[in-house]
Amino acid sequence: MQHDILIKKLLLTHDPDGRRLDSETMLLAVGNIMFHASTIIVASNLYSASFQKNDITEIETLGCSEPVGFIITKICKKLCKCSGEGDINSRIMSLFDLIGKYSWDAKVVLVLAAFAVRYGEFWQLRQLHRGNTLAGLISSIRQLPYNLKPLKLQIKALSLLVKTMMDVAMCIIKFEYLPLQHVEPGNNIFIVTKSQIYEAAYWITRSSLACFSQVMDFTAKKRNMSKCMLLPLRFSDSTIIATWELSSLAYRLSDICSNLGRQVHLCHEEIERNLYDRLLDLAHEEHIDNQKILTLFFPSKNYLPLKDCSTEVKVGVSELKNKIVLLLISKPQLLNPVDIFLLVQQTCDHPLSERLRESYKIVWIPLASSDSWTDAEESSFNFLSDSLPWHAVRKPRLLSSAVVKHIREQWNYKDEPIMVALDSKGKVTNHNALDMIKIWGAQAYPFSASKEEELWQDQNLTMQLLLDDINPLLAYWVEQGKNICLYGSENLDWVQQFNDETTELKRAGLQLETIYVGLSHLGERVKQIMARSGETSLSDPLSLTNVQFFWLRLESMRRSKLRLGKTPSSDHVLAELSALLDMDDREEGWAVIGSRGSTEVIRHQGMQVVEFLRNYSEWKENITEFGLLGAPRNFLEPDSVAGSCTHSYFVPSRENERLSQGTLICQACKRPMKKFVVYQP
C-alpha cells in the first residue's frame with residue numbers, strides 16, 4: 001500500500017514537455033568519471049568494460065530551455081540541501097519536482113551525473129593537492145581528508161552501488177529508446193515494465209542521495225582519520241554502518257536490475273515482432289509520401305536520426321519527404337576507397353548532379369557483421385560518416401533488429417554493399433541501384449529497375465559507354481569524335497611492340513589516341529608499364545585511380561546485364577564485357593578501337609593487333625569507305641564483308657547528336673550497312 005502511494009506521488013511530479021537528452025552518452029560520461037575515480041583507491045576495472053569511453057565530445061539535447069550543465073548544477077545544490085535530516089521521501093519528491101519535465105531515462109541519468117561531478121571534483125583535488133598549490137589550498141579550505149585508507153571499504157561499496165545504479169539506468173534507457181508506438185494500448189508486459197521503471201527511478205535517486213551524503217561526510221571524518229594515521233588500520237563503526245547502508249542499496253538495486261532487464265527484453269521482442277510485420281505490410285500498401293516507411297526505419301523519438309555528413313547538421317526523416325531516397329547499405333567499412341571515389345564522382349561531380357541535387361538523397365546505413373558493434377567498426381563508421389558527401393544514420397547501433405532482419409531477408413543483403421532505391425512514396429523501385437550509378441551516374445535518375453532496362457535498351461558497346469565520366473579529357477575526346485584505342489597487357493614485350501607500331505601509324509598521319517588501361521587486376525607489372533608509358537609518352541597516361549574506375553565500371557556493366565537476365569551467348573555487349581574482364585587469365589594483350597561516331601567498338605587480341613597495325617599501308621585506303629573500325633576488319637576478315645547486308649537495325653539518335661561517320665558494320669554478318677534516317681511522330 002505504501003509502495004503504491006509512493007509511486008502515485010512520483011507520477012504527480014512527472015510532467016514531460018518533450019525535451020530530450022542523449023542519456024546514453026551522458027551515462028557513458030558518468031562511467032568515465034567513476035572509472036578514473038574508482039581506480040585511484042579501489043584499483044578496480046569495475047567500469048571499464050561497459051561504460052568507459054574516451055571520445056565523448058558532445059552530449060546532445062533537444063527542446064531543452066536550459067543548458068545541461070545548468071540543470072546538473074541545480075541538482076547538485078538540491079542534493080546538498082536534501083542530504084540533511086528530515087523525511088527521506090519528501091526530499092526525494094522535492095528532487096523529482098526539479099526534473100519533472102524530463103523523460104524517465106533523462107531523470108535518472110541527470111541525477112547520476114550530478115553525483116558523479118561532485119565525486120569527480122573530490123578525487124581531482126585529492127590527486128592534485130600534493131603537486132598543485134591551488135588544489136592544495138582548496139583542499140585545506142574544504143577540510144578534505146588526506147588519508148583515505150580507513151574509508152577504503154566504504155568507497156568500494158559506494159563504487160559498486162554507483163555501478164549498479166548505472167546498470168539499472170541503462171535498462172531504463174533501452175526501454176525509452178524502444179519505438180513504443182508499435183505497442184497496443186493496455187499491453188500487460190509494458191504496464192508491468194513501466195511500473196518497475198518508476199520504482200527503479202525512485203531507488204536510483206534515493207541511492208544517489210545516500211552516496212552524496214556519504215561523500216559530504218568524508219570532510220567531517222577528517223579529524224578522526226588523522227588521529228588513526230599512526231595506528232594499525234581499523235575500520236570505525238561509522239564506516240562499517242555506512243558501508244552496510246550502501247551495500248544494502250546495491251543489493252536492492254541489483255534485484256531491480258535483474259527483473260527490469262527481463263521485462264525490457266520481453267518488451268523488445270514484442271516490439272520487434274510487431275515492427276517486422278508492419279514493415280512487410282507497408283511494402284504492399286499505397287502511401288502519399290515516404291514518411292511512414294522512413295519513420296519505421298529511423299525512429300526519431302529521442303533524437304534526430306540522420307545527419308548530413310558534409311555539414312555535420314543533424315536532420316530528421318522529414319528532410320527526405322517527396323524525394324527519391326537511395327539507401328546505401330554496407331558494413332561500417334563501406335567500400336574500398338576507389339569504389340567510394342567512383343560513387344562520389346558519379347553522384348556529386350556528374351554534370352547532372354547540380355540540377356538533381358534536391359531531387360534525391362543518399363542515406364548510408366552501416367550494419368555490423370554481428371549483433372554487436374566492435375571498436376574497429378565504430379571507428380570506421382565515425383571516420384567515414386565525417387567524410388562522405390551524403391546522409392548517414394547517426395546512431396546505427398540503435399537500428400531495430402527488425403529493420404536489420406528486413407534488410408537481410410527481404411532485400412537480400414549478404415554483407416556486400418547494395419543501394420536500395422525508394423521512390424517519393426516509399427516504394428522500393430530497385431533492390432540494387434549501385435551498379436547503374438557507377439555506370440551512368442546521375443543520368444540514371446530516378447534509379448529504378450525500369451530505368452536500368454531503359455538505359456540498356458539499344459545500347460551497344462561504344463567508346464562513349466566505356467569511357468564516359470572516367471576522366472574529363474577522355475570525355476572531351478569522345479565528345480569530339482576522336483579515334484581512341486584502349487589497350488592492355490602485363491606482357492612488356494607485347495606492349496613495346498604495340499607502342500612501336502602505333503607510333504609509326506601516328507607518324508604516317510593516322511589520328512589515333514592510345515590509352516593504356518592494363519588489366520582488371522592491377523598487379524605490379526601493370527603499374528610498372530603505366531609508369532613507363534607516362535615517362536616515355538608512349539601513350540596518353542591515365543592515373544591509377546582512373547584506370548581502376550574503368551575496370552570497376554566494366555564490372556558493374558557485367559553485373560547489371562546479368563541482373564537483367566542476359567547471357568553472353570544472347571547479348572553481344574555482355575559477351576564483349578566478359579571477354580575484356582577475363583583477359584587476366586591470358587598472357588596475350590588486347591586492344592579496343594572506337595570513337596564517338598561509331599555505334600560499336602572492335603576488339604582484337606594477341607599478335608592479331610600487332611599484325612593489322614603493322615600492315616596499315618594495306619588497309620588505310622579503306623578507311624574512307626569502311627571507317628576506322630571496318631577497314632582493319634576488312635583486312636583481317638575479308639570474306640566477312642563481301643556482298644550486301646540484308647539485316648536492319650534502328651539506332652535512336654538524340655537531338656543535335658551527330659550521325660556516325662564512316663560505314664557501319666553489321667554485327668551479324670560483318671558486312672557494310674547503308675544508312676537511312678527515319679522520322680517518327
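Helices and strands are taken here as DSSP runs, at least four residues long for helices (H or I) and at least two for strands (E), numbered from the N terminus. By that count, the chain of this predicted model holds 26 helices and 15 strands. Of its 681 residues, 52% are buried. Among contacts with a separation of 6 or more, 75% bring together residues 24 or more positions apart.

Two residues that are not glycines stand out in the backbone, and both sit in loops. Glutamate 312 belongs to the loop between β3 (306–308) and β4 (313–315), and its phi is positive, at about 65°. The side of the chain it shows to solvent is modest in the sense of the classes used here: with 39% relative accessibility, glutamate 312 is partly exposed. Asparagine 412 also has a positive phi, of about 60°, and is placed in the loop between α15 (401–410) and β8 (418–422).A further backbone feature is the cis peptide bond between tyrosine 445 and proline 446, where omega is about 10°. Proline 446 is located in the loop between α16 and α17.

Tyrosine 445 also takes part in a ring pair. Across the whole structure, 18 aromatic pairs are found. One of them joins tyrosine 202 and tryptophan 203 in an edge-to-face arrangement, with 5.2 Å from centre to centre and 90° between the planes. Tyrosine 202 and tryptophan 203 are both buried. Tyrosine 360 and tyrosine 445 form a pair with ring centres 6.2 Å apart; their planes meet at 45°, so this pair is tilted. Because tyrosine 360 lies in strand β6 (residues 360–366) and tyrosine 445 in the loop between α16 (434–440) and α17 (449–456), the pair ties together parts that are 85 residues apart in sequence. The two partners can also be described by their accessibility: tyrosine 360 is buried, at 6% relative accessibility, whereas tyrosine 445 is partly exposed, with a relative accessible area of 27%.

Aromatic rings also meet charged side chains. The charged end of lysine 107 is positioned over the ring of tryptophan 104, at 5.1 Å from its centre. For tyrosine 276, the residue over the ring face is lysine 405, 4.4 Å from the ring centre.

Ring pairs also link Tyr487, Trp494, Phe498 and Tyr516 into a cluster. Trp494 and Phe498 appear again in the packing of helix α20 against helix α24, where the α20 residues Trp494, Gln497, Phe498, Glu501, Thr502 and Leu505 meet Met607, Val609, Val610, Leu613 and Arg614 of α24. An α-helix has 3.6 residues a turn, so residues three or four places apart point the same way. The axes of α20 (residues 492–507) and α24 (residues 607–614) are 9 Å apart and make an angle of about 20°. Angles under 35 degrees count as roughly parallel, and α20 and α24 are therefore roughly parallel to each other. The crossing of α20 past α24 is left-handed.

Helices α1 (residues 2–12) and α4 (residues 88–98) also pack with their axes 9 Å apart, at an angle of about 25°. This makes α1 roughly parallel to α4. Here the crossing is right-handed. In this packing, Leu6, Lys9 and Leu10 of α1 meet Asn89, Met93 and Phe96 of α4.

The axes of α22 (residues 544–563) and α23 (residues 572–581) come within 10 Å and cross at roughly 140°. That angle makes α22 oblique to α23. On the α22 side, the contact involves Trp551, Leu554, Glu555, Met557, Arg558, Lys561 and Leu562, and on the α23 side Val573, Leu574, Leu577, Ser578, Leu580 and Leu581. The crossing of α22 past α23 is left-handed. Helix α23 is mostly covered, with 8 of its 10 residues buried. The buried residues of α23 are Val573, Leu574, Glu576, Leu577, Ser578, Ala579, Leu580 and Leu581. Their cover includes α17 and α22, along with strands β12 (590–594) and β13 (602–605).

Finally, cysteine 64 lies in the loop between β2 (61–62) and α3 (68–82). Leaving aside residues up to four places away in sequence, cysteine 64 touches Arg19, Arg20 and Tyr102. Cysteine 64 and arginine 20 are 44 residues apart in sequence, and their C-alpha atoms are 7.0 Å apart in space.

Terms used
Residues are numbered from 1 along each chain as its sequence is written. This is a predicted model: local features need pLDDT of at least 70, side-chain atom pairs count only at pLDDT 80 or more; totals for chains, interfaces and linings use all residues. Side-chain values use heavy atoms; hydrogens and water are left out. Rings of Phe, Tyr and Trp (its six-membered ring) pair if their centres lie within 6.5 Å; planes under 30 degrees apart count as stacked, over 60 as edge-to-face and the rest as tilted. Buried means under 20% relative accessible area, exposed over 50%, partly exposed in between (1.4 Å probe, protein chains only). A charge sits over a ring if NZ of Lys or CZ of Arg is within 6 Å of the ring centre and within 35 degrees of the ring normal. Axes are lines fitted to C-alpha atoms, for helices over the stretch in contact, and angles run from 0 to 180 degrees between N-to-C directions. Angles under 35 degrees count as roughly parallel, over 145 as roughly antiparallel, 65 to 115 as roughly perpendicular and the rest as oblique. A crossing is left-handed if the near helix is turned anticlockwise from the far one by less than a right angle, and right-handed if clockwise. Contact means heavy atoms within 4.5 Å.
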